[in-house]
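Here is a walk through one protein chain, from its overall layout down to single residues. Keep the structure open beside you as you read.

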Amino acid sequence: MDFSLTSTEQQFRDELREFCSEYVTSEVKELTRNGTLHNWELHRKMADRGWLWGAIPAELGGGGRSPMEMAVFTEELQLAGAPIDAIGNIVLVASVILELGNDFLKSEVVPKLLNGESLASLGYSEPEAGSDVAACRTKAERDGDEWIINGQKMWTTMAHEADFVILLTRTEAPKHRGLTMFIVPFTTPGIEIQPVWTIGTERTNATFYDNVRINDRWRIGEVNKGWQVMLACLKYERGFAGGQYPSVPLIEAAHHHAETHTRPDGTLLIHDSVLREQLVRAMIDVEACRVLAYRTAALAAAGGQFGVEGSMTKLFSSERYQQHCDWFLDMQGPEGLLRWGTPEAPNDGEIEENWRHAPVTTIYGGTSEIQRNNIAEHRLGLPRAR
Ligand SMILES: Cc1cc2nc3c(=O)[nH]c(=O)nc-3n(C[C@H](O)[C@H](O)[C@H](O)COP(=O)(O)OP(=O)(O)OC[C@H]3O[C@@H](n4cnc5c(N)ncnc54)[C@H](O)[C@@H]3O)c2cc1C
């Protein structure tokens, strides 16, 4: 495959780099240490440039940037350390509404999302339904023109910043049949949002729905056909995912540490041959991750299936990131365990912070085991995992 960029793609990359060097400042990055990987000011600047509309496929009425442009988009913003966790949800929810939603949802929700006014959360997971999301128990019962929703969702990331949640509910029979999807405004009475802090200092939420009443016009897709909406959600999630490059700032921090700290014999750490090999291997892994992401984008651009390639990219980048964190935390010795904010913490605790964050990346968006199952079943032709 030839991954060289077209002039439009290269131009977009240049534009993104210019934007990042101007607006993704150290202050913006420092603010993300509150655990919410979103910055309203930066977000609105991106919306003003039409980048949110641009991410919506042309056949849905959006700007229709190519999959390769979107791969470059996530790559440049991630490499700059921009807090962009909210964007994937926006693109997903807006795309699903444009594909399957009614006119009310199209006019009430989509412009707010794509103009940078509102965020959306994904309300799929529950305490007893994560990997097996179809085990959803949150109940929606019909009452005339309205629905009454009761239940609990877990890991509703960004709920504390968002205006809407796309909510998977059970309306009838167990498992995939009998699910119905809604878009629910968080201002609806009966919703409670409680913070959940991960080991990686990231804030997500548990959300509770207690006799939440919404009009039927907030339903998306047909009653009991929520699984079809869910499949569309997964399609747009995978389409946007692109590559993941958390190892890049980590490698830079490790390199800096190795060039400025000594071993017991007084020589610089960077002269340690094992560490040098680890640094180089980590850099090679980043290149492999980039190729995997570009391959996924190229398949998407050619109109092919890319779900398995998306799984490979996510699995590889998150698992290797975790390995890199282990290597570089070891390099720092016992003081590497000091957290950011502690004056003695080497590199202001950056490696330790990454080390706590890395395991979380192997869970959200589908765990490593689920990605392996997907690859085993759909690429290697192995029997379905039970
Ligand atoms: C920080 C964070 C943010 C998240 N944000 C959101 C969000 O915004 N919206 C949302 O809906 N969800 C979100 N999630 C939920 C996430 O998608 C789930 O945590 C994930 O799908 C795993 O589900 P679970 O936690 O219930 O674990 P389980 O599904 O209970 O899995 C437990 C363990 O069993 C393994 N396992 C499960 N099934 C299989 C199988 N068939 N084969 C092999 N191994 C298996 C898993 O890999 C895992 O190791 C988030 C999670 C985290 C940690």
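Helices and strands here are DSSP runs, numbered from the N terminus, with at least four residues for a helix and at least two for a strand. With that in hand, we can place Asp348 in the loop between α12 (307–331) and α13. The model you are looking at is predicted. In it, Asp348 has a phi near 55°, a positive value in a residue other than glycine. Its relative accessible area is 39%, so Asp348 is partly exposed, falling between the 20% limit for buried and the 50% limit for exposed.

Asn211 also has a positive phi without being glycine, with a value near 50°. Asn211 belongs to a strand, β7, which covers residues 203–215. Its relative accessible area of 48% makes Asn211 partly exposed.

Let us step back to the whole chain. The protein is divided into domain 1 (7–114), domain 2 (120–229) and domain 3 (242–378). Take domain 1 and domain 3 as a pair: their centres, taken over C-alpha atoms, are separated by 24 Å. Where the two meet, nine residues of domain 1 are in contact with 14 residues of domain 3. About 1100 Å² is buried between domain 1 and domain 3, and carbon and sulfur atoms give 57% of that area.

Within the range of domain 3, have a look at a pair of helices. How do the axes of α10 and α13 cross? Helix α10 (residues 247–260) and helix α13 (residues 350–361) have axes that come within 9 Å and cross at roughly 145°. The crossing is left-handed. On the α10 side, the contact is made by Pro249, Leu250, Ala253 and Ala254, while α13 brings Glu350, Ile351 and Asn354. Sorted by class, this contact of α10 with α13 has five nonpolar residues, one polar and one charged.

Following the chain onward from α13, we come to the loop between α13 and α14, where Thr362 has its place. Is Thr362 buried or exposed? With a relative accessibility of 11%, Thr362 counts as buried, because that value is under 20%. Leaving out residues up to four places away in sequence, Thr362 touches Lys314, Ser318, Glu319, Gln322, Thr367 and Ser368.

Thr367, one of those partners, is in the loop between α13 and α14 (368–378). A relative accessible area of 19% makes Thr367 buried, as the cut-off is 20%. Apart from neighbours within four places in sequence, Thr367 is in contact with Ser131 and Thr362. For a sense of distance, Thr367 and Cys325 are 42 residues apart in sequence and 18 Å apart in space, C-alpha to C-alpha.

Two more residues round off the tour. Thr32 is found in the loop between α2 (26–31) and α3 (40–48). At 16% relative accessibility, Thr32 counts as buried, and, beyond residues up to four places away, Thr32 touches Leu37 and Pro83.

Gln152 is found in strand β3, residues 146–153. Which residues does Gln152 touch, not counting those up to four places away in sequence? They are Glu126, Pro127, Thr138, Ala206, Thr207, Phe208 and Tyr209. Gln152 still counts as partly exposed, at 27% relative accessibility. Gln152 and Ile191 are 39 residues apart in sequence, with 9.7 Å between them in space, C-alpha to C-alpha.

Notes. Residues are numbered from 1 along each chain as its sequence is written. This is a predicted model: local features need pLDDT of at least 70, side-chain atom pairs count only at pLDDT 80 or more; totals for chains, interfaces and linings use all residues. Side-chain values use heavy atoms; hydrogens and water are left out. Axes are lines fitted to C-alpha atoms, for helices over the stretch in contact, and angles run from 0 to 180 degrees between N-to-C directions. A crossing is left-handed if the near helix is turned anticlockwise from the far one by less than a right angle, and right-handed if clockwise. Contact means heavy atoms within 4.5 Å. Ala, Val, Leu, Ile, Met, Phe, Trp, Tyr, Cys and Pro count as nonpolar, Asp, Glu, Lys and Arg as charged, and the others, Gly among them, as polar. Buried means under 20% relative accessible area, exposed over 50%, partly exposed in between (1.4 Å probe, protein chains only). Domain bounds come from an automatic or database domain assignment. Buried area is the accessible area (1.4 Å probe) that two parts lose on being put together, summed over both.
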